[in-house]
Amino acid sequence: MADDAFTETLARLSIKSRSDYYNPYTRFAWPTEVPTERWWMSPEYLTVHGTGLVEDENVLRALARQEAINLFSLHVHGIRDLISAVCQRMHTPGFSEYNEYLHHFIGEENSHMWFFAEFCDRYAGGLHPPTAFPLRTDSRGDLWDDVATFARVLVFEEIFDFYNSRMGRDPRLPAILRDIHAAHHHDESRHVAFGKPLVRRLHERARETDPGRCGEIERHIKGYMSYSVRSLYSPRAFRGAGVLKPLETRRRAMAHPARRAFHARALARVNKYFVNNGILQTAWEDEDVHS
Ligand SMILES: [Fe+2]
Ligand SMILES: [Fe+2]
């Protein structure tokens, strides 16, 4: 995207954020309770789906509740870390043209953190705690750190959108859950429309100044993609749902061919984008999840 086109995109997205603006604190009708006999996640999105490892429907429904809470907790913890990295860049010389839109982005992510956490607090006794993040980030304070930050945001958002876009329309889910997924999907479509040209620009800028870190950043992005897949498989969720041999089942589920195909689908769009734009020289493969 040429500079002019990107400037236009930024202006258009900022206008859209203003016109779509909502008050997150009044946006949702929170029921007294969410029925546990309904699916809290579409069963096809459960981490054991297609593996035959868990057959008991009560356990599967309990796992759906646990994995919904895990997914929402991942958003809160993941975005908290990512928006703090974005905040550090706002109103600094290299980011001046993005300031207006970044205010919308951060404001919207703040709303998302609130409503995801609110659901967990109201109906599940709180968030799952954050898990250790194994990757080194922002190590040099140079242009490549900008690439790494916004590439992580993009990976994160694409995975979430893979879940939100479907579950926002699934009549098996209680209305409050459908509504949360649909609201998030609506905002995220703008964030991804911003993130893709931004990451490409930042990558071009960094490559011109220091091509030497290209490979390192490629490994970092792939590491984040693998970390993101692993984080969907929560030991706490498996235990909380009453899955037998939870750690072994979790490990076997993650390595199951049906699930590996699912991981590839969840990341297909962002993977293709990275390769087509020279950000990854070779596509991310599910193999990395297990190494
Ligand atoms: Fe979000
Ligand atoms: Fe977002």
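The following paragraphs describe an iron site, a nonpolar core and one helix residue in a predicted model. Residues are numbered from 1 along each chain as its sequence is written, chains are lettered from A and ligands numbered from 1 in the order in which they are written. Local features need pLDDT of at least 70 and side-chain atom pairs count only at pLDDT 80 or more, whereas totals for chains, interfaces and linings use all residues; side-chain values use heavy atoms, with hydrogens and water left out.

The iron ion (ligand 2) has as its protein donors Glu-109 (OE), Glu-157 (OE), Glu-188 (OE), Glu-188 (OE) and His-191 (ND1), at 1.8 to 2.2 Å. Donors are N, O and S atoms within 2.8 Å of the metal (3.2 Å for Na, K and Ca); water is not among the atoms, so sites may look incomplete. Along the chain, these donors follow the spacing E-x47-E-x30-E-x2-H. Glu-109 also bridges to the iron ion (ligand 1), and the two ions lie 3.6 Å apart.

Glu-188 and His-191 are separated by about one helical turn because they are 3 residues apart in helix α6 (residues 175-209). Helices are DSSP runs (H or I, at least four residues), numbered from the N terminus. Both residues are buried, that is, under 20% relative accessible area with a 1.4 Å probe, protein chains only.

The largest nonpolar core has 91 residues, and Phe-194 is among those with the most contacts inside it. Such a core is a set of buried Ala, Val, Leu, Ile, Met, Phe, Trp, Tyr and Cys residues joined through side-chain atoms within 4.5 Å. Helix α3 (residues 57-89) supplies the largest share of this core, 15 residues.

Asp-121 lies in helix α4 (residues 99-124).

Conventions
Helices (H or I, at least four residues) and strands (E, at least two) are DSSP runs, numbered from the N terminus. Buried means under 20% relative accessible area, exposed over 50%, partly exposed in between (1.4 Å probe, protein chains only).
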